[in-house]
Every structure is written in structure tokens, then in C-alpha cells.
Amino acid sequence: MSESAQPFSILMVNYKTRQMTSLCLELLKTHIDTQRVEVVVVDNGSDDESVEYLRSLDWITLVRRRQTKGEAAFISHGEALDEGLKHVKNRYVCLLHTDTFIHDPQVFELLLTKIRRKGVAAVGSLHQRHRGLHRRLFRSCKKATRYYFRKLLYLLGINSSTPKPFRDIYLKSFCCMWDVDLIRSEKLQFCAEDKNPGYFMQDELTRRGFEFTNLKTRILFDYLDHVQSGTVVELEKIECNLRRAREYDRVLKLVSTGV
């Protein structure tokens, strides 16, 4: 990483993903100056070998959190981010998932350059995977068809799932740089309004006149790999989703070879 880059923090949440977490952190360690870049890891009630691994690292700040019984996974993750944010000392923090693997530290320079612009609250991507043009068009058409079909059923009074917007409008947290001073001055937090972590905050800050910068995945994924839903795959909760399981195996094999 460039010596000219100002100090920033990295915040991630671990939940029983020993293999991914260690790969993620080992890659980070090779790319950043741990004397200048603060790494905060929140363990979200794992109580397994991943906690022992995190305790062995003297270059991270480990925060332990106990989950509330019965809380939804997205609520738990949001609460963990807010707990970790209390320990962040720098103005800018990069949220990383433990299934995000940084190959080129210049990604942090890119994010910092974008977020320093006046009025920008966060910089990241609307999508968690890099898809080619044809796959993006197919996915958009499929989601739009499902949306309008459900909307038609709703208007006809036929029981159906509530139609949800088919366009992605929120920056995803697998690799997203936030202005911590802004979050604190506006008295906001990641876990709010029963929405995915950060979604309410993005709505509210947009309403207050702040901006969010979307990086195209073809740019962002030049610097990193990301396993979508890597945590649930490693926890074997979606064995039936072969595509995600194969992607998990492919990326971890690739990353392990390079570490």
C-alpha cells in the first residue's frame, strides 16, 4: 500500500468461519502496514476454533459479542458492526466480509480517493459478484419479470409475495468504505429499521443530501475475490445450492494457492 495513504480502519465480523477468516486475514497481513491500518474483528458469538485463532493474532483488535437468542442473522450482523464501530479510531472504515479476499491493496487507495470527495458517505458496489454483460441482462430481465408478475397478482387481489424493487440500489458491505465521522455526527448506525445492515442508513443519508459512490464490479473485482454467501456455505446451511458451493470451493482453492 502506498505510503501516502492516510490511516484507515478495516472492520469485519467473524461467525464460525475459521477457514475463510484465516485466509482473509493472512492476505490482509501481507498487503497492509498493520502499524498504520487498524483491523477490528468482531466475533459474533462463535465459541469455536475461529475464536482461538483470532486470539492468537496480536495485530488485530478483537471484540467479542454475544448474540441475543432468536435474533435474525442480518440483525446479528448489523449489531456486530455497530459494536465494532465503537472501537474504530480512524475517520474512514472499510467493511470487509470474511469471504472477501484482497489481492491488490490498491483497492484501499481507490476507495479512499473516492470517499474523500465532498458529500460522499460511502463507496462500494451495488453487486456482490462480477457478472458479464449477458448474465447481467438475463438477471435483470428475470427479476423485472418476477416483480411485475407479483405486482399484477397483488393488484388483482391474488395472494402473492409482496413485490420488491428489482433494481439494486444499496451498496453491499462485502467491501465498502464508510465515513465514520459522518455516521457519528448524523447519529446513525448500521442496524436499524429491521433492514439489512446499512440499508436504512443509506436511505436516511441520501435523504439528508449525502451521496454514495458505486464502483462497477469489473473495476472492483480486479483487486479482490468474493464468495457470495460464503459464511452460510462454510456452515453447510445451503448444501442444495450447488452453484454457491462450487464458487466457494473455487475461490478458496485459488486464494489458498496464492497465500
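The lining of the second largest cavity divides into 6 nonpolar residues, 3 polar ones and no charged ones. This comes from a predicted model. The volume of this second largest cavity is about 30 Å³. Its lining is made by Leu-11, Met-12, Val-13, His-77, Leu-81, Leu-95, Leu-96, His-97 and Ser-173. Three elements each give two or more residues to that lining: β1 (9-14), α3 (73-85) and β4 (92-96). The largest share, 3 residues, comes from β1.

Now to the other cavity. The count of cavities of 30 Å³ or more comes to 2. The largest holds about 40 Å³ of space. Around it stand Leu-95, Leu-171, Lys-172, Ser-173, Cys-176, Trp-178, Phe-190, Pro-197, Gly-198 and Gln-202. By class, this lining has 6 nonpolar, 3 polar and 1 charged residues. Leu-95 and Ser-173 belong to the lining of the largest cavity, and Leu-95 and Ser-173 also line the second largest.

Next come the cysteines. How many disulfides does the count come to? The count is 0. Take Cys-94. The closest cysteine sulfur to its own is in Cys-175, 4.2 Å away, which is too far for a bond. A disulfide needs the two sulfur atoms within 2.5 Å. Seen from the other side, Cys-175 is in no disulfide, and its nearest cysteine sulfur is that of Cys-94.

Are these two cysteines buried or exposed? Cys-94 has 0% relative accessibility, so Cys-94 counts as buried. Cys-175 is also at 0% relative accessibility and therefore counts as buried.

Technical notes. Residues are numbered from 1 along each chain as its sequence is written. This is a predicted model: local features need pLDDT of at least 70, side-chain atom pairs count only at pLDDT 80 or more; totals for chains, interfaces and linings use all residues. Side-chain values use heavy atoms; hydrogens and water are left out. On a 1 Å grid over the protein atoms alone, a cavity is a set of points where a 1.4 Å probe fits but cannot get out, and a pocket is an open set with protein on both sides within 12 Å along at least five of seven lines; lining residues have an atom within 4 Å of a point. Grid points are joined across faces, edges and corners, and a volume is the space filled by probe spheres set on the points. Ala, Val, Leu, Ile, Met, Phe, Trp, Tyr, Cys and Pro count as nonpolar, Asp, Glu, Lys and Arg as charged, and the others, Gly among them, as polar. Helices (H or I, at least four residues) and strands (E, at least two) are DSSP runs, numbered from the N terminus. Buried means under 20% relative accessible area, exposed over 50%, partly exposed in between (1.4 Å probe, protein chains only).
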